[in-house]
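Please look first at the sequence and the fold, and then follow the path taken below through loops, sheets and helices.

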Amino acid sequence: MRAKFIFEAVENQSELHNLPVYYRTVFMSFLKTALSLYNKDYFDRIYWWGEKKNKWQKPFVYAINLPNMNFQDDTVYFRGDILLNLSTSDYEFFVNMYNSLLNSNLYPYPLTDNCKIALKRMYLVREPEKFDSKMVFKTFSPILIEKKEGNKKVPVLPFDEGFEDVFNDVVDFEIRNVRLLRGQNKGLQKRLTFRPINVQKTVVKHRISEFVQNTGKDIMFLTGFSGIFELSGDPEDLKELYQNGIGFRRGQGFGFVEVAR
């Protein structure tokens, strides 16, 4: 299930708008606020375990498109409407998230002190009718693949030795966790083969409260990759990755892919 939401910046006569460079975090907060206002019980179920945060893999991915982006220091400037792409394999999540974003009481929503948004329109996106054993994808947001080295997590890129092994381990864990939410203890059904076509390293400035609390730093740097690549594997697994995204931090705006036509 996939949908696009188009927002306009309101209460600002200028054509030039701006957001913090960690705008994905801003939209993550927006989505969580919208969902908690619409269905607090459901929100608590996927984001909390009692008094503790629920860090289980979330069954969705999103990507933000800011037109005519221009980065200056820790601010991103843009002109035009904001596009939010949302995708999931979970019907219950989709219905709750979809309806929460249609809630007229949510708007105008203050993303920041100087950027409020209102929903202009939305539409459902038709998914591919068939998934094959070999498909070409393009990224709408960077994919983060990491491995553990001691107590640290280090990024692994398609150009690195052993990438495909790490990629399969990460994706197998991700798919198994998402399927467990549906009562299926099943990871990858077939090992994936990754063939880069036109991919490049991408470094992103990001911000989450846990990082700020633990390090005292305001912004973290994440290294991933963007571009076009081919995946070979079981069609059902490829569909799962298309619907829920690929890699780490999918619920924070990373790992959204589209089938390349």
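**From an unusual peptide bond to the packing of helices**

Pro108 is found in the loop between H3 and E9, where the labels refer to DSSP runs numbered from the N terminus, helices being H or I runs of at least four residues and strands being E runs of at least two. The peptide bond that joins Tyr107 to Pro108 is cis, with omega at about -5°. The model is predicted, so local features need pLDDT of at least 70 and side-chain atom pairs count only at pLDDT 80 or more, while totals for chains, interfaces and linings use all residues. Residues are numbered from 1 along each chain as its sequence is written, and side-chain values use heavy atoms, with hydrogens and water left out.

Strand E9 leads to an open sheet of five strands, ordered E5-E8-E1-E10-E9 with antiparallel pairing, where two strands pair if DSSP finds at least two bridges between them. Because strand E5 (60–65) and strand E9 (109–112) stand at the edges with a single partner strand each, one side of each is left without a neighbour in the sheet. From one strand to the next the twist averages 35°. Six bridges link E5 in the antiparallel sense to strand E8 (residues 82–88), and Tyr62 stands opposite Leu86 in E8. Helix H3 packs on this sheet, touching strand E1 (2–10), E5, E8 and strand E10 (115–124), and its direction makes about 130° with that of E10; here contact means heavy atoms within 4.5 Å, and axes are lines fitted to C-alpha atoms, for helices over the stretch in contact, with angles running from 0 to 180 degrees between N-to-C directions. Helix H6 (residues 235–244) also packs on the sheet, touching E1, E5 and E8, with its direction at about 145° to that of E8.

A further open sheet has three strands in the order E2-E7-E6, again with antiparallel pairing. Strand E2 (16–20) and strand E6 (70–72) stand at the edges, each with a single partner strand, so one side of each has no neighbour in the sheet. The twist here averages 30° from one strand to the next. Three bridges join E6 to strand E7 (residues 75–79) in an antiparallel run, and Asn70 stands opposite Tyr77 in E7. In the loop between E6 and E7 lies Asp73, whose phi is near 55°, a positive value in a residue other than glycine. Most residues other than glycine have a negative phi. Asp73 counts as exposed because its relative accessibility is 71% (buried is under 20% relative accessible area, exposed over 50% and partly exposed in between, with a 1.4 Å probe and protein chains only).

Helix H1 (residues 23–38) lies across E2, E6 and E7, running at about 85° to E2. The axes of H1 and H2 come within 5 Å and cross at roughly 130°, and the two helices are therefore oblique to each other (angles under 35 degrees count as roughly parallel, over 145 as roughly antiparallel, 65 to 115 as roughly perpendicular and the rest as oblique). Their contact is made by Lys32, Leu35, Ser36 and Tyr38 of H1 together with Lys40, Tyr42, Phe43, Ile46 and Tyr47 of H2.

Helix H2 (residues 40–47) also packs with helix H3 (residues 91–102), at an angle of about 130° and with the axes 11 Å apart. Tyr42, Arg45 and Ile46 of H2 and Glu92, Phe93 and Asn96 of H3 make this contact.
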